[in-house]
Amino acid sequence: MESTESYAAGSPEELTKRSPEPHDSSEADSAEKPTHIRFLVSNAAAGSVIGKGGSTITEFQAKSGARIQLSRNQEFFPGTTDRIIMISGSIKEVVNGLELILDKLHSELHAEDGNEVEPRRRIRLVVPNSSCGGIIGKGGATIKSFIEESKAGIKISPLDNTYYGLSDRLVTLSGTFEEQMRAIDLILAKLTEDDHYSQNVHSPYSYAAGYNSVNYAPNGSGGKYQNHKEEPSNTVTIGVSDEHIGLVLGRGGRNIMEITQMTGARIKISDRGDFISGTSDRKVSITGPQRAIQQAETMIKQKVESATERATD
């Protein structure tokens, strides 16, 4: 549910008092280097960040100077029911934008709890697997130093191989608001040292190319969200043998839901006994943009092939 209340927060200058100014030109250059951060929020929290008519997200972008994007409603990080927020800009802008969002979400949760003592909360960052080594460090030295310096809990999830094409891991930060922000300062600075990470700023949902991020266009948009131009939608029908259709569906429909969420394609399987003419193959109809269809078809074939290969070993 979108928040209808206006939200007043400190200026960007006030927000950055926690972080020391760069001491030399190289640090100053690093602070201006384009970067980004991605993290997960519930659907309800996403509505709160957007605000009525996009008022809150517009305010946060104006105050921080950062660009804030969200995955669409019902487009979740694989294996979760959480949407993805990406904040991009310079390190200073990204940290300011994230602080505004987390401060709002923490304040609302704190008001609901009604406790005077600030509880320890958690935030899950989405980090490419290739960049996690820099956060961990040799023998875990870097992550240990980050934990000691920030006083936040920091845990990095293993790579989830059950989702085809997923190359991101979740970095969970637990602690008070200040502890989490100190940890984010350290992690973001380390990630931004990695040129490969910084270059990925324009592909926030690389593991799910079917996702369309939502950008807020404040000029002349009438307070509405403008989505990327929709690609033309087509339907392709492929055949999957009746004995293998369960591999496509998965237990409780998990596989077909995963493919749908990760590609953005719609998938329909024909009823039992409804075969492609002259075969015993069920009809699997895939609808969506061409790229989504190709990805879904590849994932379906890989599900079947991987299972049949295991059966013949």
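**Entry 1: setting up**

Helices here are DSSP runs of H or I with at least four residues, and strands are runs of E with at least two, both numbered from the N terminus. I am working with a predicted model, in which local features need pLDDT of at least 70 and side-chain atom pairs count only at pLDDT 80 or more, while totals for chains, interfaces and linings use all residues. Residues are numbered from 1 along each chain as its sequence is written, and side-chain values use heavy atoms, with hydrogens and water left out.

**Entry 2: the whole chain**

I began with an inventory and found twelve helices and eleven strands in the protein chain. Of its 313 residues, 46% count as buried (under 20% relative accessible area; exposed is over 50% and partly exposed lies in between, with a 1.4 Å probe and protein chains only). Next I looked up contacts (heavy atoms within 4.5 Å). Among those between residues at least 6 apart in sequence, 71% join residues at least 24 apart. The chain exposes about 16100 Å², and carbon and sulfur atoms supply 50% of that area (Shrake-Rupley method, 1.4 Å probe; for residues, only the protein chains shown count as cover).

**Entry 3: from α11 into β10**

I moved to helix α11, residues 254-263, and listed its buried residues: N255, I256, E258, I259, M262 and T263. Where do they sit around the axis of α11? Seen down that axis they fall within an arc of 155°, so they line one face of the helix (the arc is taken over the directions from the helix axis to the C-beta atoms).

Just after α11 I met G264, which takes a positive phi of about 85°. Strand β10 covers residues 266-269, and I noted that I267 and I269 make up its covered face, with R266 and K268 on the uncovered one.

**Entry 4: the sheet with β11**

I then followed the pairing (two strands pair if DSSP finds at least two bridges between them). Three strands form an open antiparallel sheet in the order β9-β11-β10. Its edge strands are β9 (234-241) and β10, each pairing on one side only. The twist averages 25° from one strand to the next.

Looking closer at the β10 side, I found four bridges joining β10 to β11, and these two strands run antiparallel. R266 has T287 of β11 as its bridge partner, and I267 stands opposite I286 of β11.

G288 is in β11, residues 281-288. Is G288 buried or exposed? It counts as buried, because its relative accessibility is 3%. Setting aside neighbours within four places in sequence, I found G288 in contact with P232, S233, N234 and I293. I also looked up its distance to G264: the two C-alpha atoms are separated by 7.2 Å, though the residues are 24 apart along the chain.

**Entry 5: β1 and its partners**

Strand β1, residues 35-41, was a pleasant stop: seven of its seven residues are buried. I sorted their directions and saw T35, I37, F39 and V41 pointing one way, with H36, R38 and L40 pointing the other.

How many bridges pair β1 with strand β3? I counted seven, in the antiparallel sense, with β3 spanning residues 83-89. V41 stands opposite R83 of β3. Two bridges join β1 to strand β4, residues 121-128, and that pairing is also antiparallel. Here R38 stands opposite V126.

**Entry 6: α7 against α8**

Two packed helices are described by the angle between their axes and the distance between the axes. For α7 (141-150) and α8 (177-192) I noted an angle of about 145° and axes 9 Å apart (axes are lines fitted to C-alpha atoms, for helices over the stretch in contact; angles run from 0 to 180 degrees between N-to-C directions). T142, F146, E149 and S150 of α7 make the contact with E179, R182, A183, L186, I187 and K190 of α8.

K151 lies in the loop between α7 and β5 (153-156). Most residues other than glycine have a negative phi. I noted K151 for its positive phi, near 70°. K151 is exposed, with a relative accessible area of 52%.

**Entry 7: R67, to finish**

My last lookup was R67, which is in strand β2, residues 67-71. R67 counts as partly exposed, because its relative accessibility is 39%. From R67 to E93 I read 8.6 Å, C-alpha to C-alpha, for residues 26 apart in sequence.
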